[in-house]
Amino acid sequence: MTQRGAAPDGRPPEIPPAAPMRTASLEQPSRRVHSVSGDGSDPLLRVNNIEVVYDHVILVLKGVSLEVPQGGIVALLGANGAGKSTTLKSISNLLRAERGDVTKGTIEFAGTRIEKMDPSRVVKSGVVQVMEGRRCFEHLTVEEDLLTGAHTRRDGRRAIKQDLERVYEYFPRLVARRSVKTGYISGGEQQMVAIGRALMVRPKLMLLDEPSMGLAPQLVQEIFGIITRMNREENVSILLAEQNVAQALKVAQYAYVLENGRIVLDGDAQTIQGNADIREFYLGLTEIGKKSYREVKYYRRRKRWLA
Amino acid sequence: MEEFLFFMEVLVSGLLQGFMYSVVALGFVLIIKSSGVFNFAQGSMCLFAALGMVSFWEAGIPFWLAVLLALLMMVVLAVAIERVVLRPLVARPPLILFMATIGLSFFLEGLAQGIWGTQPHGLDIGIPDRPFKGFPIDVSQFELFAAGVAILLVVGLVIFFHRTRIGRALRAVSDDHTAALSVGISLRMIWGVTWALAGMVALVAGILWGTRLGVQYSLTLIVLKALAVLILGGFNSITGAVVGGLIIGGSEKVAEVYLSLYFGLGGIESFFGYLLAMLVLFVRPYGLFGDEIIERV
């Protein structure tokens with residue numbers, strides 16, 4: 001670079017080298033990885049101003065940026081169609097399977113760019129998504145379904161067997177169901193299989209897409225309890241997309257609020273919980289307490305204006 | 001007694017013929033299982049494989065080496081199909097993939113005949129299509145051999161699907177593509193493997209049927225019988241392909257012989273299988289052994 005800057009053609013040296021230098025630093029992940037493990041302050045996942053387009057025309061995310069720190073639980077909140085699932089899928093790169101594409105911005109995991117990576121390589125590098133609506137392999141037995149999570153692993157039968165036992169420890173209810181086809185178990189058990197299967201990957205980062213969807217309140221409690229336990233005991237960082245804002249804010253340290261493909265608000269969980277708009281629009285609380293339905297009309301209008 | 005032996009002879013020869021239907025049907029099942037696509041090109045793949053194998057053999061390469069070479073050729077073909085045809089069509093509706101296989105079918109027929117010519121080749125793998133001597137009923141040696149091959153193939157495939165890591169991944173993909181992607185199963189690899197397996201099955205079917213009919217263009221039409229087998233047995237079941245093949249092979253022979261004997265109806269064999277398949281459709285739309293559609297209430 002210095003040689004180029006000293007080139008005899010008389011051009012100002014700063015401008016031409018600037019571009020190659022930048023791309024070089026992006027294309028050399030190994031150096032950045034070192035710096036992450038070095039000071040520990042770099043986030044595990046950094047989503048930088050991404051734009052996502054479906055079918056070449058439909059713009060779904062309009063510049064989303066977020067970070068997940070090493071070992072943290074981060075919540076991604078928002079209503080139906082806000083872009084939560086799309087954000088998660090652009091990280092795990094399942095987007096391509098739905099004809100979506102990250103057209104702008106970057107996604108870095110542990111210092112490596114992953115937005116163009118094949119989904120199976122993304123999984124190998126330690127990012128796993130638990131998709132919305134459970135998505136079990138319904139003609140596989142519970143145990144076989146869990147074992148598909150170990151598909152990319154090369155660390156031998158014994159390690160996989162151990163992790164399987166570990167999953168059964170987290171979800172004792174699955175033990176009795178291990179040879180039942182997952183199509184025939186209950187919704188809560190399917191969610192457990194989906195999470196357990198992701199755990200079998202031995203991920204560094206788990207992307208959870210609405211784990212509470214369609215579950216009884218008590219089961220939701222149980223699942224969220226397990227999420228915090230996994231985070232603590234398996235050292236899995238978690239990005240949690242949820243509509244159940246109250247529950248999500250209980251387990252997360254930090255939260256982003258997504259509306260219409262944009263982050264409209266972010267802050268640590270307590271700040272978000274204390275935010276007047278969040279209390280009103282997502283938690284159904286006003287300054288006085290429970291929301292009165294007389295004001296619903298006003299609420300709708302104000303939300304639209306906000307978005 | 002005489003009567004009974006005759007019946008057994010008819011039935012057994014039908015069942016053995018059924019095994020040969022099964023082998024053809026298996027090729028379809030493999031691809032439907034992994035990608036939900038009905039592979040119209042399966043018949044052309046049979047022709048392609050058999051024609052290739054015969055040509056290698058006629059060029060003076062020893063039999064087993066020729067088979068091995070043809071096998072290798074089918075694997076290369078499978079990888080090429082995945083690369084050129086399937087990958088760009090990822091996440092398209094199954095109907096579009098089906099259309100692509102129609103195109104592929106004509107391409108393969110043309111390519112096979114372009115490379116190896118259009119004249120029929122005789123194929124004699126050294127097992128006579130004659131009955132054993134001294135048996136109470138006449139059973140063709142070749143048909144017995146074919147049935148043996150079919151059984152070996154099926155046992156091998158079932159073990160592969162249920163006892164191996166890749167096999168499990170294949171079944172996962174057949175249930176839910178995206179979820180399979182989400183745990184890191186590579187669709188490209190899976191599709192490559194299934195098409196290679198289907199190519200291998202096509203080779204076996206091509207050799208067996210080629211021995212009987214000669215290796216020629218009409219080999220592509222054996223898939224028509226497989227269709228009835230698939231409807232009867234279920235489109236995504238290996239067991240279904242075998243049992244379906246046996247039922248159709250056995251029943252059509254028996255129907256042909258006895259209905260024409262007692263009622264003077266002829267030529268039943270050519271359509272009886274389809275009739276049976278249709279009846280099964282009324283009762284079990286996913287076939288006798290197809291994956292049941294699991295609905296939770």
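Let us start with the charged side chains: across all chains of this predicted model, the count of salt bridges comes to 26. A handful of them make good landmarks for a first look around.

Begin in chain A with A:Glu51 and A:Lys104, whose side chains meet in a salt bridge with an N to O distance of 3.8 Å. A:Glu51 sits in strand β1 (residues 45–54) of chain A, while A:Lys104 belongs to strand β4 (residues 100–109) of that chain, so this pair ties together parts that lie 53 residues apart in sequence.

Now turn to a pair within a single helix. A:Lys161 forms a salt bridge with A:Glu165, and their closest N and O atoms are 3.8 Å apart. Both residues are in helix α7 (residues 156–170) of chain A, and because they are four residues apart there, about one helical turn separates them. How accessible are these two partners? A:Lys161 is partly exposed, with a relative accessible area of 46%, and A:Glu165 is partly exposed as well, at 38%.

Over in chain B, B:Glu269 and B:Lys253 form a salt bridge whose closest N and O atoms are 3.1 Å apart. Here the partners come from two helices: B:Glu269 lies in helix α11 (residues 269–283) and B:Lys253 in helix α10 (residues 238–262), so the pair ties together parts that are 16 residues apart in the sequence of chain B. B:Glu269 is partly exposed, with a relative accessible area of 23%. B:Lys253, at 18% relative accessibility, counts as buried, because the cut-off for that class is under 20%. Salt bridges can also share partners, and in chain A they join A:Arg166, A:Glu169, A:Arg229, A:Glu233 and A:Glu234 into one network.

With these landmarks in place, let us step back to each chain as a whole. Chain A contains 13 helices and ten strands. It has 307 residues, of which 49% count as buried. Among the contacts in chain A with a separation of 6 or more, 66% are between residues 24 or more positions apart.

What kinds of elements make up chain B? Chain B has eleven helices and zero strands. Read from the N terminus on, its elements therefore run α-α-α-α-α-α-α-α-α-α-α. Of the 297 residues in chain B, 53% are buried. For contacts with a separation of 6 or more in this chain, residues 24 or more positions apart account for 73%.

To see a buried residue up close, find A:Ile278 in helix α12 (residues 276–281) of chain A. Its relative accessible area is 3%, so A:Ile278 is buried. Which residues does A:Ile278 contact, leaving aside its neighbours within four places in sequence? The partners are A:Val257, A:Leu265, A:Ile272 and A:Leu283. You can also trace from A:Ile278 to A:Val245, which is 33 residues away along the chain; the C-alpha atoms of the two are separated by 9.0 Å.

Next, look at where the two chains meet. On one side, 31 residues of chain A are in contact with 25 residues of chain B. The area buried between the chains is about 2700 Å², and carbon and sulfur atoms give 54% of that area. In chain A, the residues that lose the most area to chain B are A:Arg99, A:His139 and A:His151, which together make up 25% of what that side buries. Charged pairs cross between the chains too: the count between chain A and chain B is three salt bridges. In one salt bridge between the chains, the side chains of A:Arg135 and B:Asp176 meet at 2.6 Å, N to O.

Our last stop is the empty space inside. Rolling a probe the size of a water molecule over the atoms shows where such space is left. The count comes to three cavities of 30 Å³ or more. The second largest cavity has a volume of about 40 Å³. Which residues line the second largest cavity? The lining is made up of B:Leu47, B:Leu51, B:Gln113, B:Gly117, B:Thr118, B:Gln119, B:Val215, B:Gln216 and B:Tyr217. Sorted by class, this lining has four nonpolar residues, five polar residues and no charged residues. Gly counts as polar in this sorting, so B:Gly117 belongs with the polar group.

Key. Residues are numbered from 1 along each chain as its sequence is written. Chains are lettered from A and ligands numbered from 1 in the order in which they are written. This is a predicted model: local features need pLDDT of at least 70, side-chain atom pairs count only at pLDDT 80 or more; totals for chains, interfaces and linings use all residues. Side-chain values use heavy atoms; hydrogens and water are left out. On a 1 Å grid over the protein atoms alone, a cavity is a set of points where a 1.4 Å probe fits but cannot get out, and a pocket is an open set with protein on both sides within 12 Å along at least five of seven lines; lining residues have an atom within 4 Å of a point. Grid points are joined across faces, edges and corners, and a volume is the space filled by probe spheres set on the points. A salt bridge is a side-chain nitrogen of Lys or Arg within 4 Å of a carboxyl oxygen of Asp or Glu. Buried means under 20% relative accessible area, exposed over 50%, partly exposed in between (1.4 Å probe, protein chains only). Contact means heavy atoms within 4.5 Å. Buried area is the accessible area (1.4 Å probe) that two parts lose on being put together, summed over both.
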